[in-house]
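Okay, thanks everyone. I'd like to spend a couple of minutes on packing, so let's put the structure up.

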Amino acid sequence: MRIAVTGKSGQVAKSLQRLAATDPELEVVLVGRPELDLLDPDSIGDSLRKTKPDIIVSAAAYTAVDQAEDERDLAYAINAVGAEIVAREAERIGVPVIHLSTDYVFDGSKNGFYVEADATAPQSVYGSTKLEGEKLVASSHSSPVIIRTAWVYSPYGKNFVKTMLELARTRDELNVVCDQWGCPTSALEIARALYAVAIKIRDLGAERVTGTYHFAGAGEASWQSFAEHVFQCSGREGGPRAKVNAIDSSQFPTKAMRPQNSRLDCVKFTMTFQYEAPDWRQSVDDVVREIVV
Ligand SMILES: NC(=O)c1ccc[n+]([C@@H]2O[C@H](COP(=O)([O-])OP(=O)(O)OC[C@H]3O[C@@H](n4cnc5c(N)ncnc54)[C@H](OP(=O)(O)O)[C@@H]3O)[C@@H](O)[C@H]2O)c1
């Protein structure tokens with residue numbers, strides 16, 4: 001099976017490429033800038049067609065959550081219009097599309113885990129452009145699979161785990177927000193989940209599984225407990241560690257508003273694709289070990 005993935009250096013893209021290196025049945029082709037630029041519609045169709053994929057994973061996105069508050073038009077062009085064109089091209093060449101979205105489509109006011117049918121109400125430009133992307137993908141492809149994930153980290157790119165470890169090299173104590181709750185998710189797990197979806201689509205047809213799903217690391221964490229776990233594991237492996245001081249989000253103002261609760265209920269994904277992420281702590285251990293060793 002050949003999967004074309006948008007974006008070259010992205011966490012999910014790199015993780016899918018790594019998965020393919022372990023499985024002779026899977027070929028992953030990363031299609032990104034300069035050949036495919038989500039801001040250049042012609043480049044999208046041309047580069048995807050050349051790849052002759054069996055399935056397209058639409059993973060590229062404008063992901064700088066705070067910066068997006070100052071770059072609304074650019075974030076919309078990439079996350080909404082760019083995603084729409086990828087889905088439309090997939091439809092045109094007759095292949096299924098799996099599109100990635102985010103927990104930040106929710107406002108965080110629910111007590112409990114969000115299910116797919118819960119009302120969306122993004123609080124940030126990033127969240128609202130990703131939600132627009134979901135809607136445009138749904139109206140541009142006959143049977144898309146849209147997967148919302150959350151708090152993504154990996155050995156690749158920029159992410160919370162790498163930032164914490166980097167900061168702990170020069171600081172003994174760090175202040176980390178304790179009143180926002182979510183599901184830390186390893187991009188390596190997302191890659192396995194996407195492969196499970198691709199196999200199901202191949203076996204049953206995309207029309208049988210089309211829809212929106214949540215996929216994230218099992219369990220729940222605050223940024224504080226996430227950081228503490230990173231340092232526990234790093235300390236065990238001889239890597240950097242720091243004392244974590246809990247602070248409220250009011251003590252750490254950011255440009256973009258983030259949901260206080262964006263925990264995702266992943267039961268629908270598990271039931272449909274027979275794949276479930278392990279407890280988030282286990283996946284953090286694997287990634288931290290790889291980074292610090
Ligand atoms: N990161 C998170 O915490 C998080 C949470 C929830 C959902 N998600 C969603 O999950 C998906 C994957 O996220 P990720 O963490 O793997 O992203 P990432 O590491 O931030 O990478 C973003 C990717 O998008 C590509 N990209 C950005 N602008 C582009 C453009 N104009 N044309 C073509 N490619 C462009 C980048 O390209 P280059 O390779 O050229 O730099 C990069 O490959 C995204 O849809 C994201 O919204 C992420």
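Before I get to the helices, one convention: we call a crossing right-handed if the near helix is turned clockwise from the far one by less than a right angle, and left-handed if it is turned anticlockwise. And keep in mind that this is a predicted model.

With that convention, helix 8 passes helix 10 in a right-handed crossing. Their axes come within 9 Å and cross at roughly 50°. That angle is why we call helix 8 oblique to helix 10.

Who makes the contact? On helix 8 you've got Ser225, Phe226, His229, Val230, Cys233, Ser234 and Arg236. Facing them from helix 10 are Trp280, Arg281, Val284, Asp285, Val288, Arg289 and Val292. By type, that contact splits into seven nonpolar, four charged and three polar residues.

Now, the core. The largest nonpolar one has 61 residues, and those touching the most other members are Leu48, Ile56, Val176, Trp223, Phe226, Val230 and Phe231. You'll recognise Phe226 and Val230 from the helix 8 side of that contact.

Helix 8 (223-236) and helix 10 (280-292) are among the elements that each give this core at least two residues, and so are helix 2 (41-51), helix 4 (125-140) and strand 7 (173-177). Which helix supplies the largest share? Helix 3, with seven residues.

Zoom in on Phe231: leaving out residues up to four places away in sequence, it touches Met164, Leu165, Ala168, Leu174, Pro240, Arg241, Ala242 and Val244. And apart from this core there's another, of 34 residues, including Ala20, Leu26, Ile98 and Ala191.

Terms used. Residues are numbered from 1 along each chain as its sequence is written. This is a predicted model: local features need pLDDT of at least 70, side-chain atom pairs count only at pLDDT 80 or more; totals for chains, interfaces and linings use all residues. Side-chain values use heavy atoms; hydrogens and water are left out. A nonpolar core is a set of buried Ala, Val, Leu, Ile, Met, Phe, Trp, Tyr and Cys residues joined through side-chain atoms within 4.5 Å. Buried means under 20% relative accessible area, exposed over 50%, partly exposed in between (1.4 Å probe, protein chains only). Helices (H or I, at least four residues) and strands (E, at least two) are DSSP runs, numbered from the N terminus. Contact means heavy atoms within 4.5 Å. Axes are lines fitted to C-alpha atoms, for helices over the stretch in contact, and angles run from 0 to 180 degrees between N-to-C directions. Angles under 35 degrees count as roughly parallel, over 145 as roughly antiparallel, 65 to 115 as roughly perpendicular and the rest as oblique. Ala, Val, Leu, Ile, Met, Phe, Trp, Tyr, Cys and Pro count as nonpolar, Asp, Glu, Lys and Arg as charged, and the others, Gly among them, as polar.
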